[in-house]
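Me: I am new to this structure and would like a close look at a single part of it. Please begin with one residue, follow the chain outward from there, and explain each term when you first need it.

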Amino acid sequence: MRGTGDRNARGGTDMNKAEIWDIVTDVFRETLDLDNLVLTPATTARDVDGWDSLNHILLVVAVERKFGIKFSTGEIDGMENVGQFIDLIDSKMPA
Amino acid sequence: MSFISLEYLFVYLPVVVGLYLVFRKTVLANVILVLASYVFYAAAAAWYLLPLLVTSLLDFTLGRMLSRDGSQGYRRALLIVSLTANLGLLAFFKYTPWVIDNFNLGLIAIGVGAAVPTLSVPFPFGMSFYTFQSMSYTIELYRREMQPAKSLLDYLTFVALWAKLSAGPIMRARDLLGQLERVRPLITADETRYALMLIVWGLFKKLALADNFGYIVDTIDGYFRYDAPFAGAGLLFGYAFAGQMYCDFSAYTDIARGSAKLIGIDMPTNFRTPYFAVSPSDYWQRWHITLTRFVFSYVYTPIVVRAVRKRAARGLPVSPKALLRPVPFVTCVAGPTLFTMSLLGLWHGAAFGFIAFYLYHGVLLSLHRLVPFDRYLMSRFGSVGKWLAIVIMFHLVCVGFILFRGRIEAMVPMLWSIPTLLDFAHFDARHFFGLGWGIAVLGAIPALTDYLGYRKNGEFTDLFKTLNPYACAALACACYFGLTIFGKRDGAQFIYFQF
């Protein structure tokens with residue numbers, strides 16, 4: 001099953017937002033090759049070097065694999081900033 | 001009716017805004033807006049309303065059916081009906097004359113002679129824009145990503161709203177319908193000033209800058225048409241058309257946004273200092289943003305998401321570096337990019353230049369993955385490298401504009417005239433600097449104002465929101481005098497009205 005291994009490795013499914021932040025930050029740093037990238041809820045694609053349409057999809061697919069979730073095309077397209085991205089991940093995590 | 005006509009500025013707009021304000025809180029508000037939009041459109045030709053109504057009524061009906069429960073196959077069939085009807089109607093008006101002309105040319109070439117009567121139906125301007133916007137409604141209902149329109153009146157207003165009818169900005173159903181369905185608050189004094197400043201600034205850019213740039217573009221084109229072109233003429237043509245295109249299209253957008261703001265509608269921006277882009281992908285996040293975003297959302301994203309997920313499911317790496325290997329580069333990078341960009345070219349019409357322009361940018365976008373020159377320059381030279389990347393990207397854009405605007409037989413001579421600049425023995429300083437001076441003077445204004453917007457990570461017009469009233473008044477006066485002194489009065493239409 002996609003991504004379950006990663007999720008279980010981090011201690012089950014009851015992940016809090018702080019943990020989601022850490023994982024998402026790692027994904028961004030790794031995908032965009034920006035070791036010192038700092039994300040805030042208000043960070044948008046305009047603020048991050050290299051966060052273009054292709055890399056946005058690569059980020060989303062990497063996150064899908066990490067968390068074992070899936071986004072719809074509309075959700076992928078509608079993410080305005082990192083805060084929304086995190087909220088969306090959080091909403092898809094099992095309670 | 002053109003945004004730059006006196007009847008629009010001094011009769012149509014004040015009357016429509018006035019009536020809207022009187023009936024703002026009643027159901028008549030949208031009745032006024034939709035009727036006013038139909039008057040606006042019918043002023044060009046009454047029959048233009050026919051395809052507009054067909055599109056509106058069809059998609060509204062299909063939307064109702066899509067929002068009810070039904071099997072996946074049934075819903076997909078409804079979507080296919082919507083897409084086929086909309087794109088079919090658009091293709092009929094856009095490509096039929098071109099297909100008939102070329103068919104006849106083929107027949108003439110083989111000695112048969114023209115057999116099919118030429119279709120002399122003008123293209124209903126704005127059709128490419130409202131068709132896409134109406135399609136966004138059925139697509140998003142199919143995906144269950146929005147609620148259906150509350151009434152037919154709201155939907156008719158959404159498709160026809162005059163401020164964005166002629167040339168955008170392209171607003172998806174979910175972005176505009178919600179605004180039309182509710183009673184919008186009166187705009188404040190600050191918002192009114194902002195809206196009027198958008199209109200004044202748009203008028204200045206169109207009449208004093210874009211049309212004068214256009215004069216230079218036509219002059220240089222004349223050298224290629226009638227005289228021997230001088231060295232570097234193609235480069236000046238690219239500069240001048242870059243100036244004309246940007247000032248023209250962004251002026252239209254400013255007036256559209258200002259007009260809409262007066263009736264409480266917020267419209268997205270279409271440009272964000274595009275000539276300060278450091279790379280091809282950066283450029284397309286700044287140029288004609290609403291169209292690019294529309295096509296990328298509905299075409300590019302689904303294709304690439306599917307391709308990347310497929311790779312990931314097979315356990316293959318999906319990092320940006322991994323996608324540079326030959327197979328993923330074709331399936332996940334270059335293929336979807338070139339396909340999407342060629343659709344953008346086809347959307348503009350059946351002309352070699354449009355397709356060539358978008359394919360050229362598709363190649364630039366793909367090659368940039370292999371050669372990220374901006375990243376190299378910035379890491380090597382810091383802020384100097386960033387400005388170098390901006391200069392390089394601007395010149396790549398100018399070369400593209402030769403393809404977009406140049407006549408097919410002039411494209412190669414224009415491109416060839418650029419390297420001949422290095423032939424100093426034959427350099428024609430009088431012509432080159434004579435026209436170059438004009439371009440520099442005109443270009444200095446948008447360069448300076450865009451730089452002010454760029455510094456704030458936005459566009460110049462964003463500054464109007466926070467500018468104090470005295471500064472606004474001074475800028476409006478400057479625009480007025482600029483218009484009076486430099487404005488061309490031959491009423492050239494906005495470039496994007498042809499689409």
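Reply: Pro268(B) counts as partly exposed because its relative accessibility is 32%, and the scale behind that word, computed with a 1.4 Å probe on the protein chains only, calls a residue buried under 20% relative accessible area, exposed over 50%, and partly exposed in between. The model is a predicted one, in which local features need pLDDT of at least 70 and side-chain atom pairs count only at pLDDT 80 or more, while totals for chains, interfaces and linings use all residues; side-chain values use heavy atoms, with hydrogens and water left out. As for names, residues are numbered from 1 along each chain as its sequence is written, and chains are lettered from A and ligands numbered from 1 in the order in which they are written.

Pro268(B) sits in the loop that runs between helix 10 and helix 11 of chain B, where helices (H or I, at least four residues) and strands (E, at least two) are DSSP runs numbered from the N terminus. From the C-alpha atom of Pro268(B) to that of Trp162(B), 106 residues away along the chain, the separation is 15 Å.

Stepping back from this loop into helix 10 of chain B, one meets Ala256(B), which is buried with a relative accessible area of 0%. Ala256(B) and Gly168(B) stand 88 residues apart in sequence, yet their C-alpha atoms are 8.0 Å apart in space.

Helix 10 (residues 233-262) also packs with helix 9 (residues 189-225) of chain B, at an angle of about 155° and with the two axes 7 Å apart. These axes are lines fitted to C-alpha atoms, for helices over the stretch in contact, and the angles run from 0 to 180 degrees between N-to-C directions. The angle makes helix 9 of chain B roughly antiparallel to helix 10 of chain B, since angles over 145 degrees count as roughly antiparallel, under 35 as roughly parallel, 65 to 115 as roughly perpendicular and the rest as oblique. Where helix 9 of chain B passes helix 10 of chain B, the crossing is left-handed, a word used if the near helix is turned anticlockwise from the far one by less than a right angle, with right-handed used if clockwise. The contact of these two helices holds 23 nonpolar, nine polar and eight charged residues, with Ala, Val, Leu, Ile, Met, Phe, Trp, Tyr, Cys and Pro counted as nonpolar, Asp, Glu, Lys and Arg as charged, and the others, Gly among them, as polar.

Helix 9 leads on to an enclosed space, for helix 9 and helix 17 (429-455) of chain B each supply at least two residues of the lining of the largest cavity. On a 1 Å grid over the protein atoms alone, a cavity is a set of points where a 1.4 Å probe fits but cannot get out, a pocket is an open set with protein on both sides within 12 Å along at least five of seven lines, and lining residues have an atom within 4 Å of a point. The largest cavity has a volume of about 70 Å³, a volume being the space filled by probe spheres set on the points, which are joined across faces, edges and corners. Among the residues lining this cavity are Trp201(B), Lys205(B), Tyr246(B), Pro446(B) and Phe460(B), and the lining as a whole has five nonpolar, two polar and three charged residues.

Following the chain the other way from Pro268(B), one comes to His288(B), in the loop between helix 11 and helix 12 of chain B. Most residues other than glycine have a negative phi, whereas His288(B), which is not a glycine, has a positive phi of about 40°. His288(B) is buried, with a relative accessible area of 1%.

The helices on either side of that loop also face open space. The largest pocket holds about 1,400 Å³, and of its 48 lining residues the closest to its centre are Ala45(A), Glu80(A), Gln285(B), Ile289(B) and Arg293(B). Helix 12 of chain B gives the most to this lining, with nine residues, while the helices that supply at least two residues each include helix 11 (280-284) of chain B and helix 3 (53-67) of chain A. The lining of the pocket divides into 18 nonpolar, 15 polar and 15 charged residues.
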